[in-house]
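Student: Please take one part of this model and go through it closely, with its surroundings. Give the cut-offs behind the terms as you use them.

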Amino acid sequence: MKFNLSSIKFRLWLYLTIFIVFVMAAIWMLQTVFLEPYYEFVRTSDLKSAGAEIAKAYGENDFKTYAEEVSYKDNIVINIFDLQGNSVYEANSFGIRGPFGQAPGNTDVPKQVKEGQQTFQKEFFANSVAALNKQDNKEILLKFSDSKFNDPKFDSSVLLYVTKVADGYLFVSTEIRPIDATAKIIESQLMIITIIVFILAALMSILIAISISRPLSKITLASRELANKRFPDDCKGGSYAETRELAETLRKTAADLNKAENLRKEFIGNISHDLRTPMTMIKAYAEALRDLPDETQERRNSDLSIIIHESDRLAEMIKDLLELSKLEAGINNTEFMEFSITDLVKEVLGSYNLYKNRDNYNLLFDYKDNIVVVSDKKKLEQVLHNLIFNGIIHTGKDLTVTVRQISSNDRIRIEVLDSGDGIPDDKIDSIWERYFKIEQNTGRTSEGSGLGLAIVKSALESIKSDFGVYNSENGGAVFWFELNQKNN
């Protein structure tokens, strides 16, 4: 099996591994390079905090007990001197070396060194007090090399906190010892921890990468079945919400493809039948005219009228097909203009006066005001023609089709209502599909192409108009669409 470097599995493993490397590198830097500076920073902060607390507690009855506890807990030396530099109090629980003494029991200090220490300590006191008074500070913090006031063989530094207390001065010091040995121990521990973490991280990253990529791989394999308009039911998408949603989307896509394929087959069958019917009649009557030359003029005129009528039906059907194709392909451009929707409804209704005069249809228009809109007049005219003609085909025995204009705030709603049987609930969602027809019991022959409502849907969608259909409580279907009124 070829290893794909661009696969999700490899990328996830790589990113997780890089993240672990950066984390471990940061830990190594903190525990090695920055260990000593951080150690000194912490000791300095602790010393300042302890010194401030000791100065605050000085003079209280239990001060000595408190000072000994702090000296023991924080590993510090506490010295208090009067204004002349005489020692008043000292607390040194662990015998830590400081600027005013040495570790207890350290008797092997040479005499010359001891005398030098005493001289330095007097000068150190005087200099520290002078620095404190000169800067007018409440406190100062100093750092010295331990060899300046102790045996040179001790390689360490001392931090000193100085502040003034009642009738004297407080000196709090602590020793900063080398931590090389501690650093080596930490490094050895870090080495072991790093190896363990890398092994565990590698295994964990592989498991995470597999758990995420596996459902995607299954979905990828299953999606290849979409070419056959199928999607396996056993492909659920795994435990992740995103992959489950993707699987469900592909499953719905497969169902939609099946539905579209069935509609395509049905559409081809229906349109073939409807195209063949007028062509057959045209051919039949044309042959009759050819083969029966002795027919009366009245019969010949009747045959020619049928040929013309069927030719018109055929032309209208082809026109609807072309118009729907242009709308769905977006070829039919939208041209917005200002016009009266009220006048347009009147104009379209007037074009159906033949049905009023010849067949006694009642074509009514219910409106109050003349409303001006900005939209595509040509497409709305097409929409009105199709909806009104659809109402004529499906209206009831009273032969009534009503157009209602309803104005609400800045919106205008046009409704086309017939008095027929309405639309069955199980078919109302399919009413806008191409070549969808509902069997009617009106006794009238439907001359529609079955494309009118599909054209309405495409036209209204192209101008971004809300539209819909519902069954009226009094019977019949109500088709509607809404537009924005022109702002005055």
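Tutor: What follows deals with one sheet, then its packing and core, and ends with another region for comparison.

The model is predicted, so to speak of local features a pLDDT of at least 70 is needed and side-chain atom pairs count only at pLDDT 80 or more, while totals for chains, interfaces and linings use all residues. Residues are numbered from 1 along each chain as its sequence is written, and side-chain values use heavy atoms, with hydrogens and water left out.

The chain has eleven helices and twelve strands; these are DSSP runs numbered from the N terminus, helices being H or I of at least four residues and strands E of at least two. Of its 488 residues, 37% are buried, where buried means under 20% relative accessible area, exposed over 50% and partly exposed in between, with a 1.4 Å probe and protein chains only. Among contacts with a separation of 6 or more, 65% join residues 24 or more positions apart; a contact is a pair of heavy atoms within 4.5 Å.

The sheet is open, has five strands in the order 7-9-10-12-11, and its pairing is mixed. Two strands are said to pair if DSSP finds at least two bridges between them. Strand 7 (362-366) and strand 11 (467-471) each have a single partner strand, so they stand at the edges with one side left without a neighbour in the sheet. Neighbouring strands are turned against each other by 15° on average, direction ignored. Axes here are lines fitted to C-alpha atoms, for helices over the stretch in contact, and angles between N-to-C directions run from 0 to 180 degrees.

At one edge, strand 11 pairs with strand 12 (residues 477-484) in the antiparallel sense, over five bridges. Asn471 is bridged to Ala477 in strand 12, and Val469 has Phe479 as its bridge partner there. These two strands form a hairpin with five residues between them, in which Gly475 has a positive phi near 100°.

Two helices pack on this sheet. Helix 8 (residues 341-350) touches strand 7, strand 9 (400-408), strand 10 (411-418) and strand 12, and its direction makes about 175° with that of strand 7. Helix 10 (residues 377-394) lies across strand 7, strand 9, strand 10 and strand 12, at about 165° to strand 12.

The largest nonpolar core has 38 residues, and Ile341, Leu380, Phe479 and Phe481 have the most contacts inside it. A nonpolar core is a set of buried Ala, Val, Leu, Ile, Met, Phe, Trp, Tyr and Cys residues joined through side-chain atoms within 4.5 Å. At least two residues of this core come from each of helix 8, helix 10, strand 9, strand 10, helix 11 (452-462) and strand 12. Helix 10 gives the most, six residues. Phe479 itself, leaving out residues up to four places away in sequence, touches several residues including Leu387, Ile414, Trp432, Leu453 and Val469.

Apart from that core lies another, of 18 residues, with Phe63, Ala67, Leu170 and Val172 among them. Helix 3 (residues 63-74) has Phe63, Ala67, Val70 and Ser71 buried. These four cover an arc of only 100° around the axis, which puts them on the same side of helix 3; the arc is that of the directions from the helix axis to the C-beta atoms. An α-helix has 3.6 residues a turn, so residues three or four places apart point the same way. On the other side of helix 3, Glu69, Tyr72 and Lys73 are exposed. The buried residues of helix 3 pack against helix 2 (35-57), strand 1 (77-81) and strand 2 (87-91).

Strand 1 and strand 2 are themselves antiparallel, paired over four bridges, with Ile80 opposite Tyr89 in strand 2. They form a hairpin with five residues between them, and Gly85 in the turn has a positive phi of about 95°. Asn75, in the loop between helix 3 and strand 1, has a phi near 60°, positive in a residue other than glycine. Most residues other than glycine have a negative phi. At 34% relative accessibility, Asn75 counts as partly exposed.
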